[in-house]
Amino acid sequence: MHFKSENGYAIASYDDNGKIMEVQKRFKNVELPESVQAHVNENYEGWKIVKNRYNVSYETGQEVEKSYVLNLKNGKEKKKITVKG
């Protein structure tokens, strides 16, 4: 099943009994948790977050994987980093 919005999408796969087997979500420019903002402030002094993407992946029997892909800018310099959520 595929769900789509202006800011992203979610794809879910189900087994024959309707149980969720796998989910992938991707959303852009979400409100970041304080822990992610603090990570950038502590490790990338002077850099500003200009865009972000939130990724979530789940597969039956495994841990939920969450990450934030952040586009940073410091003057004319640009950098892309990934922070685990």
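**Surface patches, an aromatic pair and local backbone features**

Asn29 is partly exposed, its relative accessible area being 46%. The model under consideration is a predicted one. Asn29 is placed in the loop between strand E3 (20-28) and helix H1 (34-43). The backbone at Asn29 has a positive phi of about 50°, although Asn29 is not a glycine.

Two surface patches were computed. The positive patch is formed by Lys28, Lys51, Lys73, Lys78 and Lys80. Among these residues, Lys78 belongs to strand E6, which covers residues 77-84. Lys78 has a relative accessible area of 69%, and it is therefore classed as exposed, since the cut-off for that class is over 50%. This value also satisfies the accessibility condition for membership of a patch, because patch residues need over 30% relative accessible area.

The nonpolar patch has an area of about 410 Å² and is made by Met1, Phe3, Tyr14 and Ile20. Phe3 is located in strand E1 (residues 2-5), and Tyr14 in strand E2 (residues 8-14). The relative accessible area of Phe3 is 44%, so Phe3 is partly exposed. For Tyr14 the corresponding figure is 39%, and Tyr14 is likewise partly exposed. Partly exposed residues fall between the limits of 20% and 50%, which is why neither Phe3 nor Tyr14 is classed as exposed.

Several pairs of positions were described by their C-alpha separation. Phe3, a member of the nonpolar patch, is 9.2 Å from Lys25 on this basis, with the two positions 22 residues apart in sequence numbering. Ile11 is situated in strand E2, the strand that also holds Tyr14. The C-alpha atom of Ile11 lies 5.3 Å from that of Gln24, and the two residues are 13 residues apart along the chain. Ile11 has a relative accessibility of 34% and so counts as partly exposed. A further pair consists of Val64 and Gly85, which are 21 residues apart along the chain and have C-alpha atoms separated by 9.9 Å. Val64 is part of the loop between E4 and E5. With a relative accessible area of 43%, Val64 is partly exposed.

The strands on either side of that loop supply the aromatic contact. The structure holds 1 aromatic pair. It is formed by Tyr54 and Tyr68, with a centre-to-centre distance of 4.7 Å and an angle of 25° between the planes, and it is stacked. Tyr54 is in strand E4 (residues 48-59) and Tyr68 is in strand E5 (residues 65-74); the pair, whose members are 14 residues apart, thus links distant parts of the chain. The assignment as stacked follows because planes under 30 degrees apart are counted in that class. Both Tyr54 and Tyr68 are buried. Tyr14, by comparison, is partly exposed, with a relative accessible area of 39%, and contributes to the nonpolar surface patch.

Technical notes. Residues are numbered from 1 along each chain as its sequence is written. This is a predicted model: local features need pLDDT of at least 70, side-chain atom pairs count only at pLDDT 80 or more; totals for chains, interfaces and linings use all residues. Side-chain values use heavy atoms; hydrogens and water are left out. Patches are made of residues with over 30% relative accessible area and no salt bridge: like charges are joined within 9 Å, nonpolar side chains (Val, Leu, Ile, Met, Phe, Trp, Tyr) within 5 Å. Accessible areas come from the Shrake-Rupley method with a 1.4 Å probe; for residues, only the protein chains shown count as cover. A salt bridge is a side-chain nitrogen of Lys or Arg within 4 Å of a carboxyl oxygen of Asp or Glu. Lys and Arg count as positive and Asp and Glu as negative; His and the chain ends are not counted. The place of a charge is taken as NZ of Lys, CZ of Arg, CG of Asp or CD of Glu. Helices (H or I, at least four residues) and strands (E, at least two) are DSSP runs, numbered from the N terminus. Buried means under 20% relative accessible area, exposed over 50%, partly exposed in between (1.4 Å probe, protein chains only). Rings of Phe, Tyr and Trp (its six-membered ring) pair if their centres lie within 6.5 Å; planes under 30 degrees apart count as stacked, over 60 as edge-to-face and the rest as tilted.
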